[in-house]
Amino acid sequence: MLGAVEGLIAELRQIGLPIRVSEDIDAVAALRHVDLGQRSELKASLGACLVKDAQHLGAFETVFDLYFPVGGPPGGSPGPAAGGPDDAAGPGGPEGGRPGDGGAGGSLGTLDDATITQLLIRALRSGDRYLARAIAGLMVDRHAQIVPGRPVAGTYYLLRTMRAVNPDALVTALAADPGGGPPSGLAARLRLEQSQAQVEQFRLEVEAEIRRRLTADRGAAAVARTLRSPLPEDVSFLTASQDEIATLRHTIEPLARTLAGRLARKRRHGRQGHLDFRRTMRGAMSCGGVAVTPVFRAARPAKPKLIVLADISGSVATFAAFTLHLMSALRQQFASVRSFVFVDGIDEVTGILATSATIAEAAHWINAGGSGVWLDGRSDYGHALSAFWDGWGSQISSRTTVLVLGDARTNYHAPRDDVLAAIGRRAGQLYWLNPEPASAWDSGDSVVGRYAPSCDAVIECRNVRQLRAFVESLA
């Protein structure tokens with residue numbers, strides 16, 4: 001048990017969860033206060049000790065399932081079931097059997113796929129998770145074709161199994177009215193959403209069964225290495241999948257609120273105001289006229305103005321969307337926030353961002369209006385910067401912070417770094433956030449080195465963690 005807990009903690013640290021030594025000790029100490037035969041209690045106690053951010057809960061649950069599999073002993077090695085009521089097999093109908101045993105040797109194994117599908121539909125409708133788990137094991141037996149010792153994460157096996165299950169047909173069958181009546185309005189929509197949730201739950205059962213078998217074959221540590229994925233705040237903006245982008249959207253919202261509070265406190269307490277001579281001398285009367293304790297007026301720092309120039313060409317569009325969304329959410333911490341998008345031309349989109357309910361809606365209107373495109377829609381930083389300087393350069397002042405978002409890849413057009421230098425001289429601060437790794441800068445058509453002397457800083461900003469660190473340093 002202790003070895004499994006230590007393996008769990010080591011893997012969580014490997015993927016980036018911040019777990020201190022004291023929390024490691026707390027997790028081990030918590031084992032004395034829970035029933036180790038109850039997997040749910042063990043999971044809750046370890047999660048309470050080790051997970052401090054709700055965004056990390058998914059990573060914890062995946063690794064926990066490897067080191068404490070359903071129906072197996074800690075550590076993922078083959079052996080008798082761990083026991084406990086929440087992991088014990090229920091009857092699951094007339095077929096019975098231990099969940100996850102695949103049913104190859106029982107009566108389920110004698111049924112054809114069509115009959116199994118009908119049985120699965122009844123199990124999902126009735127909420128019989130034990131029978132559903134047994135069917136998941138059977139479908140893995142028949143269709144995954146797991147190869148012992150093969151160093152894979154199991155995604156291919158999951159794809160094979162779910163292709164045989166046919167999730168779309170399963171959703172349709174579950175959503176059909178059992179009474180045979182025609183679907184109607186809201187009731188039909190609710191049935192459809194419930195059916196999709198039930199099929200997704202079955203997919204998770206299949207995935208867990210595949211992981212259990214891979215873990216029994218190669219051990220939890222080996223399987224964990226193939227499953228490692230970055231935490232939401234470490235996902236690269238440029239290479240994020242659609243699922244990861246959806247997760248990032250949920251991450252940005254609380255991040256914006258947290259950063260707004262930090263910026264407000266920093267502005268209130270960051271520096272003292274001017275010396276209050278009258279109050280200082282009045283306080284000095286008790287010390288014989290010696291000003292022992294200076295008294296300062298309350299600081300009233302002026303809010304800076306922020307101008308954001310975002311490259312929305314295909315290569316960095318995801319990065320620009322999240323950064324614009326974050327800056328828009330932080331606009332109360334600035335006297336004004338003006339947002340511009342560019343490809344080979346430049347347009348202001350402040351109004352679009354202010355009136356759009358979501359960044360997806362804003363992106364729709366930006367794309368529909370052809371914002372940022374001048375000629376052929378290929379990146380031309382030189383022309384975009386020149387157009388911005390001609391149209392809005394006079395509105396930059398010493399209170400303005402200019403933020404440029406882009407990879408500085410010009411398609412070999414003239415970079416016009418002289419225009420950026422003029423912007424930098426007029427602005428109070430000029431920062432450039434580049435979503436590419438620093439090792440790729442100044443390679444190919446990248447001209448980061450030409451722009452860097454005009455900026456207060458050129459910052460690698462490939463993920464939410466780096467974006468958070470930059471925003472915290474702004475005010």
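How many disulfides does a search of the whole structure find? The search finds zero. A disulfide, for those new to the term, is a covalent bond between the sulfur atoms of two cysteines. Two cysteines deserve a brief mention here. Cys455 is buried, at a relative accessible area of 12%, and Cys461 is also counted as buried, at 0%.

Please keep in mind that the structure before you is a predicted model. The mean pLDDT of the protein is 76, and 72% of the residues reach 70 or more. Residues 77-106 call for caution: the pLDDT over this stretch is below 50, although the stretch has 57 contacts in the model beyond near neighbours in sequence.

Let me turn to the overall picture. The protein contains 19 helices and six strands. It has 475 residues, and 43% of them count as buried. The accessible surface comes to about 23,200 Å², with 54% of that area belonging to carbon and sulfur atoms. Consider also the contacts between residues at least 6 apart in sequence: 74% of these join residues at least 24 apart.

I now come to the interior. The largest nonpolar core has 26 residues, and those with the most contacts inside it are Ile135, Leu170, Phe202 and Val206. Five helices give two or more residues each to this core: H5 (113-126), H6 (129-144), H7, H8 (167-175) and H9 (185-218). Of these, H6 provides the largest share, with eight residues.

Val206 offers a useful view of the packing. Apart from its neighbours within four places in sequence, Val206 is in contact with Ala136, Val140, Leu158, Thr161 and Met162. A second core, separate from the one just described, has 25 residues, including Ile307, Leu309, Ile346 and Tyr451.

Finally, let us look at helix H7, which spans residues 155-165. Which of its residues are buried? They are Tyr157, Leu158, Thr161, Met162 and Val165. These residues lie on the same side of H7, because they cover an arc of only 120° around the axis. The general principle is that an α-helix has 3.6 residues a turn, so residues three or four places apart point the same way. Three of the buried residues, namely Leu158, Thr161 and Met162, have already appeared as contacts of Val206. After H7 comes Asn166, whose phi is positive, near 60°.

To close, I would return to the opening question: the search of the whole structure finds zero disulfides, while Cys455 and Cys461 are both buried.

Methods:
Residues numbered from 1 in each chain as written. Predicted model: local features only at pLDDT ≥ 70, side-chain atom pairs only at ≥ 80, totals over all residues. Heavy atoms only, no water. Helix = DSSP H or I, 4+ residues; strand = E, 2+ residues; numbered from the N terminus. Buried < 20%, exposed > 50% of the residue type's maximum accessible area, 1.4 Å probe, protein only. Contact = heavy atoms within 4.5 Å. Areas by Shrake-Rupley, 256 points an atom, 1.4 Å probe, with all protein chains shown as cover. Arc of directions from axis to C-beta. Core = buried A, V, L, I, M, F, W, Y, C linked by side-chain atoms within 4.5 Å. pLDDT = per-residue confidence, 0-100. Disulfide = S-S within 2.5 Å.
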